[in-house]
Amino acid sequence: MVKLIRKGVYYQNGKLIKATKVDEPAKKGTMAYKILSAHNVSNVSGKLSAKFDEITSHDITYVGIIQTAKASGLEKFPIPYTLTNCHNSLCAVGGTINEDDHVFGLSAAKKYGGSFVPPHLAVIHQYMREMRATCGSMILGSDSHTRYGALGSLAIGEGGPELVKQLLDKTYDVDMPEVVAVNLKGRLRKGVGPHDVALALVKATFKEGFVKNRVLEFVGNGIKTLSMDFRNGIDVMTTETTCLSSIWVTDEKTRDYYVQHDRADGYKELRPEEGAYYDRGIVIDLSKVEPMIALPFHPSNAYTIKDFLSRPYELLKECEKAGQKLIKKGEFKLTDKIIDGKVYVEQGVIAGCAGGMYENIAEASNILGDTEINNNDFTLDVYPSSQPVYKGLVDNGYIGKLMDNGAVIKTAFCGPCFGAGDVPQNNGLSIRHTTRNFESREGSKPANGQLSAVALMDARSIAATAKNGGAITSAMDLEYANKIKKYRFDTKIYRSRVFNGIGKGEPEKQLKYGPNIADWPKMEELKEDLLLKVVSVINDPVTTTDELIPSGETSSYRSNPLKLAEFALSRKDPEYVGRAKEVRDGGFPEGLGFDSSKTSYGSVVCSIKPGDGSAREQAASCQRVLGGVANIAYEYATKRYRSNLINWGMLPLLSDKNDFNVGEYVYIKGIKQAILEGAKTFKATVIGEGKREITLKMDALTDAEKQIILKGCLINYYRG
């Protein structure tokens, strides 16, 4: 299905041709290079300092972003800023915490001149596809799945501080990324959906970091066989490959999409030059893609459904072993889902920016036909990705038909993606057309002995499974009519409800604060030397942002840094918060012989590869609020997590070994001067039962990043 080409390639006559040498001039022929260059204000070769055309956030990030920007001197939104409400849509039980955040967001849009999309109207990425993306533009979002490449917009998901920089008229600074050609060829078979293509791509690329921090550029004759919903469905999942961004060839179908959404002027043709050079290549033969299933606990843990069903006990047993390591008590079981040779699941969900699009839901309805979901052990929930999509499905009879089938139809909400909606029972297994299935992401609490699991599948095979009474089934194994009725977008829905104040700020208006919206605590500047106390050591191969700060139940506290910090590492290391507070509040340690007047003191988390997954800045800021000053890792899973550490004044240190112990101290003399001089290695002393000398490393920092760390955080840096 997927072939990886590890060296440079040319794109010629619709094919990828292996290159014999790096061709710098031909690199300029890619779509990505042209878009990045058009937004680059750097005069340094090989460096990107980008200014984006617009930015977007949802309601577990925009409060912190605006609070940070306000503390740094924000007076107005200098570029279009869209605030959506699709994560904290549900009012907190017994309180108004989430709705207070929404009121704050609307007041900010009015004061600073932004756009505000109310709860339940659209998930962030569907709204941006429908109303904001344009060909050749660049969009920055505070959600990791910010991807609009299929619409010709090079979009990047980052932590909140990177959006703050754009609000303060600063730049997004990285090395000019490499570009990887993804050549699509052939034609899909009936029953195969966008999630199947995406999961095949993620499986092939994630583990070895084949496209990490690179831009994926989709080319090839296979693109013209795919609808825009299909392209968008593949594109949004490129985040799970750990690429930086994506861009696609545009064509008449792209033009039709813009015309359909009353934005014909947003279209222009994009395609690479003949002979454009790419740093690597990927070939996906669409005709060979089969329905896929990504087993717990990662989208890359993917198999064809056919392969999975040929050895379910073996593969589910591996998942059980991984799950059992997570829980402190009780038993985690999945092999009991195998009954008479079939694998039964309790729940199916089609939702969000990946699953909730019109064509996915319409074709799922066709597959279900007249079958009633009357198996009390299986439920099917469907979340259309926006109200216009919902209305289109209603107008064409699909919603009524799904209701007759027994499916429950809900409003646009991202909860099933991050653990705030449709949480399965203990030891439950849910199949979902959503973006992620990380451990505990669906709402489990392993520290309390409660764990359930999610497998990712395309909406088509989820519908086939529902038709088969909850027994996992490939959509290719069923006969059905895959022709669907034409979708008509109704722009009146947004005109009637969205507040659009872009460029029309009213500075005299006041922000509206609820009692849970709190300012950031004071962050201290870095002194001459640094003393760290190890408060957590994690030896997992990868540590996700969900483990650093859980999703789901923490959402209501994203606007309150101190309350949110109480949840940090709660699913991975429940003792962490207490240890970190002891360091933060206990004063400088006596008896070690160090001068507190010139030595910064704080805690450090040591791990192998932290930061996979969400862009949420809180994975770093919670550590900072608790007194964290650094991370020590073998490598960082994503550029965005490393950036979050830096923007919150924490050193992203590297070590060849994770052989630290909780309670040890790490002392680095002259750290401030070393950072100023651009040092990449630091001599350090580890103090525990004895002493040992080690060398820590740190990848190069920009001049601004150096100053941010020295000042203690982004807020201090811009405040002056």
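# Briefing: helix, strands, rings and selected residues

Helix α7 is mostly covered, with 10 of its 12 residues buried. The model is predicted. It holds 19 aromatic pairs. One of its sheets is open and has three strands, in the order β3-β2-β14. The points below go through the helix, the strands, the rings and then three single residues.

**Helix α7**

- α7 covers residues 194-205. At 1.5 Å a residue, its 12 residues should span 16 Å. The end C-alpha atoms are 17 Å apart, which agrees with that expectation.
- The buried residues of α7 begin with an unbroken run: P194, H195, D196, V197, A198, L199, A200, L201 and V202. T205 is buried as well.
- In an α-helix there are 3.6 residues a turn, so residues three or four places apart point the same way.

**The open sheet β3-β2-β14**

- The pairing in this sheet is antiparallel.
- β3 (15-18) and β14 (276-278) are the edge strands. Each has a single partner strand, so one side of each has no neighbour in the sheet.
- Neighbouring strands are turned by 35 degrees against each other on average, direction ignored.
- β2 (residues 9-12) is joined to β14 by three bridges, and the two run antiparallel. Within this pairing, V9 has Y278 of β14 as its bridge partner.
- On its other pairing, β2 meets β3 over four bridges, again in the antiparallel sense. Here Q12 stands opposite K15 of β3.
- β2 and β3 form a hairpin with two residues between the strands. N13 takes a positive phi there, near 55 degrees.

**The parallel pair β23 and β24**

- β23 (residues 429-433) and β24 run parallel, joined by four bridges. S430 stands opposite V454 in β24.
- β24 covers residues 453-456. A453 and A455 point one way, V454 and L456 the other way. All four are buried.
- Such a pattern fits the general rule: in a regular strand the side chains alternate between the two faces of the sheet.

**Aromatic rings**

- Which geometry does the pair of Y127 and Y494 adopt? The ring centres are 4.9 Å apart and the planes stand at 75 degrees, so the pair is edge-to-face.
- This pair links distant parts of the chain. Y127 sits in helix α5 (residues 124-131) and Y494 in helix α18 (residues 492-495), 367 residues apart. Both Y127 and Y494 are buried.
- F218 and W248 form a stacked pair, at 4.2 Å centre to centre with 10 degrees between the planes.
- F218 lies in strand β12 (residues 215-219) and W248 in strand β13 (residues 245-248), so the pair ties together parts that are 30 residues apart in sequence. F218 and W248 are both buried.
- F77, Y81 and Y112 form one aromatic cluster.

**S49**

- S49 is found in strand β4 (residues 47-50).
- Is S49 buried or exposed? Its relative accessibility is 14%, so S49 counts as buried; the cut-off for buried is under 20%.
- The side chains of S49 and D173 are joined by a polar contact of 2.7 Å.
- Leaving out residues up to four places away in sequence, S49 touches H39, N40, V41 and S42, and also T171, Y172 and D173.

**N516**

- N516 is found in the loop between β25 (499-500) and β26 (529-537).
- With 5% relative accessibility, N516 counts as buried.
- Not counting residues up to four places away in sequence, N516 touches I97, S556, Y557, S559, N560 and K563.

**T599**

- T599 lies in strand β28 (residues 599-607). T599 is buried, at a relative accessible area of 2%.
- The side chain of T599 reaches the backbone oxygen of D595 at 2.8 Å.
- Not counting residues up to four places away in sequence, T599 touches seven residues that include K527, D529, L530 and L531, with F588, F594 and Y667 completing the list.
- How far apart are the C-alpha atoms of T599 and V179? They are separated by 43 Å, with the two positions 420 residues apart along the chain.

Conventions: Residues are numbered from 1 along each chain as its sequence is written. This is a predicted model: local features need pLDDT of at least 70, side-chain atom pairs count only at pLDDT 80 or more; totals for chains, interfaces and linings use all residues. Side-chain values use heavy atoms; hydrogens and water are left out. The expected span of a helix is 1.5 Å times one less than its number of residues. Buried means under 20% relative accessible area, exposed over 50%, partly exposed in between (1.4 Å probe, protein chains only). Two strands pair if DSSP finds at least two bridges between them. Axes are lines fitted to C-alpha atoms, for helices over the stretch in contact, and angles run from 0 to 180 degrees between N-to-C directions. A polar contact is a pair of N or O atoms within 3.5 Å; within protein, one must be able to donate a hydrogen and the other to accept it, and residues adjacent in sequence count only if both atoms are side-chain atoms. Contact means heavy atoms within 4.5 Å. Rings of Phe, Tyr and Trp (its six-membered ring) pair if their centres lie within 6.5 Å; planes under 30 degrees apart count as stacked, over 60 as edge-to-face and the rest as tilted.
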